[in-house]
Amino acid sequence: MRDYAEGVEYIRLYREGVEALKDAGVAEAELDARLLLEYVCGTNRNDMYMYPDRPVEAAQCNKFSELICKRRLRIPLQHLTGVQEFMGLEFDVNKHVLIPRQDTENLVEEVLRHLHDGMSILDMCTGSGCILLSLLHYSNDCVGVGVDLSQEALEVARSNASKLGLKATFIQSDLFENVSGKFDIIVSNPPYIQSAVIPTLEEEVKAHEPMMALDGSEDGLLFYRRISRDAKGYLTRGGMLFFEIGHDEREDVCAILEKEGYGEIRAMKDFAGNDRVVYATFVE
């Protein structure tokens with residue numbers, strides 16, 4: 001992208017952004033360019049079609065050019081705009097939290113099928129708080145606690161709770177270390193990527209998302225083992241434990257839950273047909 005001494009037409013600026021991203025090998029160049037342009041100009045997708053020749057002032061052109069250059073370097077789009085939509089809600093994100101993904105909506109939707117008004121929820125490895133806050137938003141009178149080891153992540157989660165007008169408690173803790181009380185639902189999207197796989201991930205993920213939220217140890221199962229073992233001390237009788245899992249981890253996670261004495265173990269697939277959610281009931 002270039003420096004702009006004068007403004008240019010909206011559609012021309014968009015096309016220049018697309019070409020710059022394509023040249024850098026960015027997969028979704030058209031979408032990313034459009035979203036960045038809308039972010040800079042305060043427009044929406046209809047403006048592209050209704051007012052393609054509208055002038056964009058030089059300052060906005062240069063801001064757009066700056067963001068395109070950063071996206072060319074594989075800085076995630078969401079880190080540039082600072083937000084990501086999840087479950088129909090807008091969440092603030094930054095480099096300290098995983099960017100909420102559509103796959104995780106499957107986890108939230110499955111929990112919602114079992115969540116009743118007034119229940120207590122613990123979200124382990126809460127990150128941005130997107131799971132817990134979505135559950136609270138779409139239920140009534142539930143009580144929610146989010147736990148994360150990262151204080152920076154908890155600051156993002158608290159900010160999101162305030163932004164959405166929701167009440168939740170957020171605790172800095174190494175898993176259950178600082179947690180007390182009993183919960184009807186414990187839900188977690190823990191780190192589950194095998195350590196050796198992380199170098200093969202997209203640059204946007206391995207270079208810009210928090211490693212502590214990705215690395216699930218050598219076999220990817222460390223946190224499933226620890227959470228399944230310890231959650232029994234924090235679940236009410238008949239309480240349920242929900243996990244997001246990697247596409248090839250269903251059998252292993254189900255075996256861990258069975259070994260720990262959980263009952264009614266089930267697995268669910270995501271929109272693409274991959275195993276994505278495993279859940280079970282705590283039976284004393």
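**Exercise 1. Find what follows helix H8, then work out which side of H8 is buried.**

Start at the end: Gly165, just after H8, takes a positive phi of about 70°. This is a predicted model, where local features need pLDDT of at least 70, side-chain atom pairs count only at pLDDT 80 or more, and totals for chains, interfaces and linings use all residues. Residues are numbered from 1 along each chain as its sequence is written, and side-chain values use heavy atoms, leaving out hydrogens and water.

Next, look for buried residues (under 20% relative accessible area with a 1.4 Å probe, protein chains only). In H8 these are Ala153, Leu154, Val156, Ala157, Asn160 and Ala161. They lie on the same side of H8, because they cover an arc of only 155° around the axis, taken from the directions from the helix axis to the C-beta atoms.

Finally, see what they pack against: strand S4 (89-92), helix H7 (130-137), strand S6 (143-148) and strand S7 (169-172). Helices (H or I, at least four residues) and strands (E, at least two) are DSSP runs, numbered from the N terminus.

**Exercise 2. Describe how H1 packs on H4.**

Begin with the geometry: helix H1 (residues 10-23) and helix H4 (residues 58-72) pack at an angle of about 15°, with their axes 9 Å apart. That makes H1 roughly parallel to H4, a term for angles under 35 degrees.

Now list the residues in contact (heavy atoms within 4.5 Å). H1 contributes Leu13, Gly17, Ala20, Leu21 and Asp23, while H4 contributes Cys61, Phe64, Ile68, Arg71 and Arg72.

Notes: Buried < 20%, exposed > 50% of the residue type's maximum accessible area, 1.4 Å probe, protein only. Axes fitted to C-alpha atoms, helices over the stretch in contact; angles between N-to-C directions. Parallel < 35°, antiparallel > 145°, perpendicular 65-115°, else oblique.
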